[in-house]
Amino acid sequence: MLQNIRIVLVETSHTGNMGSVARAMKTMGLTNLWLVNPLVRPDSQAIALAAGASDVIGNARIVETLDEALSGCSLVVGTSARSRTLPWPMLDPRECGLKSVEQGRHAPVALVFGRERVGLTNEELQKCHYHVAIAANPQYSSLNLAMAVQVIAYEVRMAWLAGDPVSDGEEEAPYPLVDDLERFYGHLEEVLLQTGFIRANHPGQVMNKLRRLFTRARPESQELNILRGMLASIAASYKTKP
């Protein structure tokens, strides 16, 4: 199951941080590292600071965009150290570990960490189902990248060691993958533009707020199919209007 947990680093600027993250991951049994548009490629410093986790660095997937790193995932959690203009569903690290292990039994999970200085952008955070914040000392909350990964990876391991939660015997309904959700949001925006609910020259925050609404609701795959069917029906009715 731990192979389904992706640690995703966005635009990392120091190779030493890549190595330190690899070490933090391997100590907790995680090996699936993704690098999104790194400003520098892993080098000898990354290998040196990996301290025995050079295999994690060597097997890291390097991709150009965050969407590539999230493809195929059913759960995405982004790290955020500050409150945002548009509040998002929040987890603490323990809840993050539990949800990651729960979802990781069925499909890949992405735990996303941002740039060393500025973290993740608002647009990147809106691609996440949840945000996670580490409750550090408010007078000195300066966690470096590897420290943050270590805290989250530890909680994932503790949840994994605790074993599967007691089941009532019913099979859990699957959640849609990130790719399916993005297609839904594209379909939704297209229909809202077609009906005039959104004006192309003044879209405002409508889609961002709708993303937050559906993120909170977390529709299952079948429910998302129903929503897509509704959108298709609405679009078809507008096409047939005289």
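Is P42 buried, partly exposed or exposed? In this predicted model, P42 has a relative accessibility of 28% and is therefore classed as partly exposed. The residue belongs to the loop that joins β2 to α2. Although T15 precedes P42 by 27 residues along the chain, the two C-alpha atoms are 5.4 Å apart. T15 is also one of the contacts of P42 beyond its sequence neighbourhood of four places, together with M18, L35, I57 and I62.

The confidence of the prediction was considered for the chain as a whole. The mean pLDDT is 90, and a value of 70 or more is reached by 93% of the residues. In residues 166-170, by contrast, the pLDDT falls below 50, and this stretch makes zero contacts in the model beyond near neighbours in sequence. Predicted coordinates should not be read in detail where pLDDT is low.

Backbone geometry was examined next. Most residues other than glycine have a negative phi. N37, which is not a glycine, nevertheless has a positive phi of about 45 degrees. N37 is placed in the loop between β2 (32-36) and α2 (44-50), the loop that also holds P42. With a relative accessible area of 29%, N37 is partly exposed. R218 is likewise a residue other than glycine with a positive phi, in this case near 45 degrees. R218 occupies the loop between α9 (206-217) and α10 (221-239). The relative accessibility of R218 is 11%, and this residue is therefore counted as buried, the cut-off being under 20%.

Two buried residues have side chains that reach backbone oxygens. H131 is located in strand β7, which spans residues 130-132. Its relative accessibility is 3%, so H131 counts as buried. The side chain of H131 comes to 3.0 Å from the backbone oxygen of L125. L125 also appears among the contacts of H131 outside four places in sequence, and the others are V77, G78, S80, W88, P89, M90 and L91. The second case, S100, is part of helix α5, formed by residues 93-104. S100 has 0% relative accessibility and is accordingly buried. A polar atom of the S100 side chain is found 2.7 Å from the backbone oxygen of C96. When neighbours within four places in sequence are set aside, the contacts of S100 are with M1, I5, L75, V109, L111 and V156.

Helix α7 and the loop that follows it were also examined. A148 is situated in α7 and, at 14% relative accessibility, is buried. Outside its sequence neighbours within four places, A148 contacts F113 and I134. The C-alpha atoms of A148 and V118 are separated by 14 Å in space, and the two residues by 30 positions in sequence. L177 is found in the loop between α7 (145-162) and α8. L177 is partly exposed, its relative accessible area being 29%. In sequence, L177 and S71 stand 106 residues apart, whereas their C-alpha atoms are 7.6 Å apart. The contacts of L177, again leaving aside neighbours within four places, are G72, C73, S74 and A107.

A search for enclosed space was made over the whole structure. One cavity of 30 Å³ or more was found, and the largest cavity holds about 130 Å³ of space. Its lining comprises 14 residues, of which K127, H129, L181, Y185 and T215 are the closest to the centre. Helices α8 (178-195) and α9 each contribute at least two residues to this lining. The largest share, four residues, is supplied by α8. Classified by residue type, the lining of the largest cavity consists of seven nonpolar, three polar and four charged residues.

Terms used:
Residues are numbered from 1 along each chain as its sequence is written. This is a predicted model: local features need pLDDT of at least 70, side-chain atom pairs count only at pLDDT 80 or more; totals for chains, interfaces and linings use all residues. Side-chain values use heavy atoms; hydrogens and water are left out. Buried means under 20% relative accessible area, exposed over 50%, partly exposed in between (1.4 Å probe, protein chains only). Contact means heavy atoms within 4.5 Å. A polar contact is a pair of N or O atoms within 3.5 Å; within protein, one must be able to donate a hydrogen and the other to accept it, and residues adjacent in sequence count only if both atoms are side-chain atoms. pLDDT is the predictor's confidence in each residue, from 0 to 100. On a 1 Å grid over the protein atoms alone, a cavity is a set of points where a 1.4 Å probe fits but cannot get out, and a pocket is an open set with protein on both sides within 12 Å along at least five of seven lines; lining residues have an atom within 4 Å of a point. Grid points are joined across faces, edges and corners, and a volume is the space filled by probe spheres set on the points. Ala, Val, Leu, Ile, Met, Phe, Trp, Tyr, Cys and Pro count as nonpolar, Asp, Glu, Lys and Arg as charged, and the others, Gly among them, as polar.
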